[in-house]
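Work through the exercises below with the structure in view, and try each task before reading its solution.

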Amino acid sequence: MNAIFYTHHYRDGFVDDNFKKLRQLNVEWDIYSIGFKGNTLLPGSLIAKKDKYPTNARIKDALPIEWSEADLLFCEAYRHKPNYNYYFFIEYDTIFNVPVLDFFNIEGEDFLGCNVDNDPGLDWIWIQNFERFIERHKDVALYDDSYGSGGQTTCVSFNNTMLRYYRNELIKNKDYYESMFSELRLGTVLKKYTTLRNIRSDISNYISWNPDWITFNFKNPYFYHPGRGRCLNSKTIAKSC
């Protein structure tokens with residue numbers, strides 16, 4: 001069996017409606033909402049705790065801090081529900097109009113992400129921040145010298161084995177992965193076990209850090225992120241969403 005996890009950190013009409021739509025379009029999946037303890041979440045949500053995992057509390061300008069720790073929701077989904085074959089994660093502000101498996105092919109893949117990079121350049125801000133951290137922790141510098149970018153934390157797929165590896169690595173070596181932004185931590189850890197692959201070859205047309213970098217086309221099948229603003233700022237677009 002497979003499961004979808006809808007990650008969120010607050011609740012309003014859009015978050016509610018998007019979750020309902022996700023459930024309506026993916027009736028063959030088990031679907032859960034999940035978020036960190038202390039936030040206002042959807043009823044029945046799985047509650048994620050951070051105490052077992054690395055913290056990013058010391059990352060400068062990474063506030064709200066939970067944005068930089070979104071990968072911990074993957075780990076906590078596995079803690080709550082450890083027996084699925086595949087785990088698909090989607091953030092609350094990702095918009096879509098088709099079922100997951102109509103847009104993504106995850107079967108047989110151990111990890112698939114969005115805009116991943118097996119060898120990100122050292123000019124990446126999150127590597128620079130981590131390098132400054134490990135200057136004060138030389139044992140960490142010796143431990144990890146091969147960085148990766150796991151891409152964004154929406155439309156991400158794991159098989160059971162890979163998600164278990166990821167969670168166990170963070171727990172076992174908690175101190176090694178502190179002050180790593182989630183995208184950097186995700187890619188750096190997963191490179192130990194697999195080659196980072198994109199969930200679609202054209203995924204950068206749909207998933208980005210900035211909506212201005214996406215050409216939205218609501219006539220064709222899509223998963224867009226970030227998409228919340230596009231739905232709320234136009235009545236015409238809102239009908240499409």
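**Exercise 1.** Find which residues Leu170 touches, leaving aside residues up to four places away in sequence.

*Solution.* Taking contact to mean heavy atoms within 4.5 Å, we find that Leu170 touches Lys52, Tyr53, Pro54, Asp71, Leu72, Cys75, Tyr177, Arg185 and Val189. The model is a predicted one, in which local features need pLDDT of at least 70, side-chain atom pairs count only at pLDDT 80 or more, and totals for chains, interfaces and linings use all residues. Residues are numbered from 1 along each chain as its sequence is written, and side-chain values use heavy atoms, with hydrogens and water left out.

**Exercise 2.** Place Leu170 in the largest nonpolar core.

*Solution.* A nonpolar core is a set of buried (under 20% relative accessible area, 1.4 Å probe, protein chains only) Ala, Val, Leu, Ile, Met, Phe, Trp, Tyr and Cys residues joined through side-chain atoms within 4.5 Å. The largest has 40 residues, and Leu170 is one of those that touch the most other members, a group including Phe5 and Phe158. Helix α2 (residues 71–80, a DSSP run of H or I with at least four residues) contributes six residues, the most to this core. Another core, of 33 residues, lies apart from it and has Leu42 and Phe216 among its members.

**Exercise 3.** Decide which charged residue lies over the face of Phe103.

*Solution.* The test asks for NZ of Lys or CZ of Arg within 6 Å of the ring centre and within 35 degrees of the ring normal. Arg200 lies over Phe103, at 4.0 Å from the ring centre. Likewise, the charged end of Lys50 sits over the ring of Phe36, 4.5 Å from its centre.

Terms used:
Buried < 20%, exposed > 50% of the residue type's maximum accessible area, 1.4 Å probe, protein only. Helix = DSSP H or I, 4+ residues; strand = E, 2+ residues; numbered from the N terminus.
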